[in-house]
Amino acid sequence: MNQIREEATVCEDTVFKTVYLSYFALLRNFLIFKFGNVQRAEDTAQNAFVILWENCKSVSVEKAKSYLFTTAMRQALNQLKHDKVVVKFESQFQQTEIHLESPEFLVLEREFQTKLELALQSLPEKQRLVFLMNRIENQSYKEIAELLEISVKAVEKRMHQALLVLRKEIGNI
Amino acid sequence: MIQKTNLSEQYLSDWMSDQITDAQFQCLVSTEDFMIYQKIKSGSSQLKLGSPDIEQNWLELSQKLTQTQKKSQPKVSSLWKYVGIAASMLLLFGVYQFFGYTQSAIADIGSTKSVLLPDKSVVVLNSQSSIAYSKMFAMHRKIKLDGAAYFEVEKGKVFTVKTAYGEVEVLGTKFEVIARPDWFEVTCFEGKVKVKSGKNATILTPGKKIRIIDSQVAYQTETIPQPLWITGESGFKSVPFYVVLHALENQFGIQIQYPEKYKKVIFTGSFTHSDIDTALESICLPVNLQYNIKDSKVVLSETALNQN
């Protein structure tokens with residue numbers, strides 16, 4: 001069995017693949033939260049890995065995760081300058097299945113979930129990213145801070161504001 | 001008038017990450033707000049994104065890599081060959097334990113065991129029963145059960161109990177599951193419970209019980225608030241005798257021999273867990289049997305009254 005040496009860079013086949021298996025899904029989901037579009041998210045995520053490979057000599061295994069996210073963000077920024085298109089955030093959510101068949105129960109839950117998804121679409125991007133990475137991808141505030149390269153306090157502030165917005169939106173629907 | 005304390009300016013994010021409790025949070029917001037925030041909290045944890053096609057994306061990525069002018073590129077081959085190596089490497093990333101049923105609990109003969117699950121649900125195992133669940137339990141609330149257990153489930157994502165004889169799904173409720181080779185039974189004490197067995201599914205409301213013995217499905221009503229064995233007794237209502245004897249065997253770790261013709265006699269009654277003699281008496285008396293204990297073997301025989 002191969003061990004990853006301390007100084008191992010991402011240039012080794014198996015290391016690169018492992019990094020891919022570890023982080024692709026998370027990065028792709030993060031980008032879905034950002035763009036609201038699966039195809040674009042997967043494209044951008046793949047491109048981030050391509051750039052990682054191109055610069056593999058200068059990226060250590062521990063830094064790979066944050067490198068990928070920073071690269072993806074930068075990619076998105078560049079693309080935006082080209083496109084100048086306002087991206088409408090499409091709802092991509094599945095719900096974990098609720099099997100109980102009681103009609104009243106299902107209807108109430110569905111109603112609320114719909115309100116919630118609508119409200120999520122109205123969140124500004126900064127808040128939306130923090131909220132969804134925390135609630136859906138179970139990333140801690142610390143992990144999110146590292147990915148976005150902001151402080152934990154900033155993450156908490158965005159989460160707090162996200163909730164205020166959601167509360168207001170849901171109250172209005 | 002609601003006072004915003006100086007706890008933190010981010011009390012909402014603190015509460016979302018459970019740094020402050022519900023009780024503390026309730027002091028900071030109105031009742032109406034609390035209810036809605038609660039729903040946001042639980043509703044958002046039920047959302048999921050579909051998973052990406054890992055293999056497909058890898059192929060597309062590999063194609064992009066061959067387009068770049070690098071001399072050495074990762075070999076463009078199927079991912080799955082490497083999953084074996086990747087899996088052992090993932091050990092270093094701590095990801096491999098995600099969905100394996102690596103946590104377990106067992107109750108020995110004659111004792112019960114209470115387990116607190118990562119989502120704060122409680123399971124009480126009856127004698128000779130075991131459960132297994134994943135370390136990532138809070139994400140997918142699935143638990144394997146062999147034997148009998150009583151559950152008090154915290155509200156949240158769907159909670160599934162998998163047994164060899166059927167599956168039970170709930171959202172947040174109190175119920176009991178018995179999963180023994182000759183006896184599959186689910187009782188709902190609070191909330192709603194969905195039971196799946198084979199191609200059939202049924203919903204139980206509080207006080208309702210479904211029992212499948214010998215492929216026979218029966219519904220009953222239960223009036224007690226929790227199983228008797230939690231407080232050291234086993235109760236049976238219109239149950240075939242052999243099922244009662246198996247339960248006795250499980251409880252005391254004994255083997256019971258009895259006249260064949262008593263196998264399907266319908267029995268209603270209970271026995272205590274604390275003393276084997278008292279237990280055997282309460283089983284034998286109603287059906288006119290007597291018992292004889294030798295080591296851990298018990299022989300039941302008809303009393304003189306019956307031998308005509």
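Here is a chat between a biologist and a modeller about this predicted model.

Biologist: Let's start with chain B. How many helices and strands does chain B have?

Modeller: Chain B holds 308 residues, and buried ones make up 45% of them. As for its regular elements, the count for chain B is seven helices and 19 strands.

Biologist: And what share of the accessible surface of chain B belongs to carbon and sulfur atoms?

Modeller: The accessible surface of chain B totals about 16100 Å². The part of it that belongs to carbon and sulfur atoms is 51%.

Biologist: Now the inside. Which helix gives the most to the largest nonpolar core?

Modeller: That core has 68 residues, and those touching the most other members are A:F16, A:V19, A:L27, A:F49, A:F131, B:F25 and B:I40. So names from both chains turn up in that list. The top giver, with 13 residues, is helix α1 (residues 13-35) of chain A.

Biologist: Which residue of chain B does A:F49 touch, if we skip residues up to four places away in sequence?

Modeller: A:F49 is one of the residues that touch the most other core members. Its partners in chain A are A:F16, A:V19, A:Y20, A:Y23, A:F24, A:L27 and A:L68. From chain B, the partner is B:L61.

Biologist: How many residues are in the second, separate core?

Modeller: Among the members of this second core are B:A107, B:V153, B:A179 and B:V193. Its count of residues is 29.

Biologist: On to B:Q10. Is B:Q10 buried or exposed?

Modeller: B:Q10 sits in the segment before α1 (11-16) of chain B. Apart from neighbours within four places in sequence, its contacts are A:E156, A:K157 and A:H160. Its relative accessibility is 10%, and the cut-off for buried is under 20%, so B:Q10 counts as buried.

Biologist: What about cysteines? How many residues apart in sequence are the parts that A:C11 and A:C56 tie together?

Modeller: There is one disulfide over all chains, and it joins A:C11 to A:C56, with 2.0 Å from S to S. A:C11 lies in the segment before α1 of chain A, while A:C56 lies in the loop between α2 (38-54) and α3 (64-83), so the parts tied together are apart in sequence by 45 residues.

Biologist: Is that disulfide right-handed or left-handed?

Modeller: Look at the torsion about the S-S bond of A:C11 and A:C56. The torsion is about 95 degrees, so the disulfide is right-handed.

Biologist: Is A:C56 buried or exposed?

Modeller: Its partner A:C11 is partly exposed, at 22% relative accessible area. A:C56 has 2% relative accessibility, which is under the 20% cut-off, so A:C56 is buried.

Biologist: And over in chain B, is B:C27 buried or exposed?

Modeller: Take B:C188 as a starting point: at 0% relative accessibility, B:C188 counts as buried. B:C27 has a relative accessible area of 54%, and over 50% is the cut-off, so B:C27 is exposed.

Biologist: I'd like to look at a sheet. In the open sheet of three strands in chain B, which strands stand at the edges?

Modeller: The order of this sheet is β16-β19-β18, with mixed pairing. An edge strand here has a single partner strand, so one side of it is left without a neighbour in the sheet. The edge strands are β16 (255-257) and β18 (289-294) of chain B.

Biologist: Which residue stands opposite B:Q257?

Modeller: Three bridges join β16(B) to β19 (residues 297-302) of chain B, and the two run parallel. Opposite B:Q257, in β19(B), stands B:V299.

Biologist: Which helix lies across β16, β18 and β19 of chain B?

Modeller: Helix α7 (residues 276-284) of chain B packs on the sheet too, touching β18 and β19. The helix lying across β16, β18 and β19 runs at about 150 degrees to β16(B), and that helix is α6 (residues 241-252) of chain B.

Biologist: Last one: how many Å apart in space are B:G232 and B:S111, C-alpha to C-alpha?

Modeller: B:G232 is placed in the loop between β14 (216-221) and β15 (233-240) of chain B. Its contacts, leaving aside neighbours within four places in sequence, are B:T272 and B:H273. Along the sequence, B:G232 and B:S111 are 121 residues apart, and in space the separation is 8.9 Å.

Note on methods
Residues numbered from 1 in each chain as written. Chains lettered and ligands numbered in written order. Predicted model: local features only at pLDDT ≥ 70, side-chain atom pairs only at ≥ 80, totals over all residues. Heavy atoms only, no water. Helix = DSSP H or I, 4+ residues; strand = E, 2+ residues; numbered from the N terminus. Buried < 20%, exposed > 50% of the residue type's maximum accessible area, 1.4 Å probe, protein only. Areas by Shrake-Rupley, 256 points an atom, 1.4 Å probe, with all protein chains shown as cover. Core = buried A, V, L, I, M, F, W, Y, C linked by side-chain atoms within 4.5 Å. Contact = heavy atoms within 4.5 Å. Disulfide = S-S within 2.5 Å. Pairing = 2+ DSSP bridges. Axes fitted to C-alpha atoms, helices over the stretch in contact; angles between N-to-C directions.
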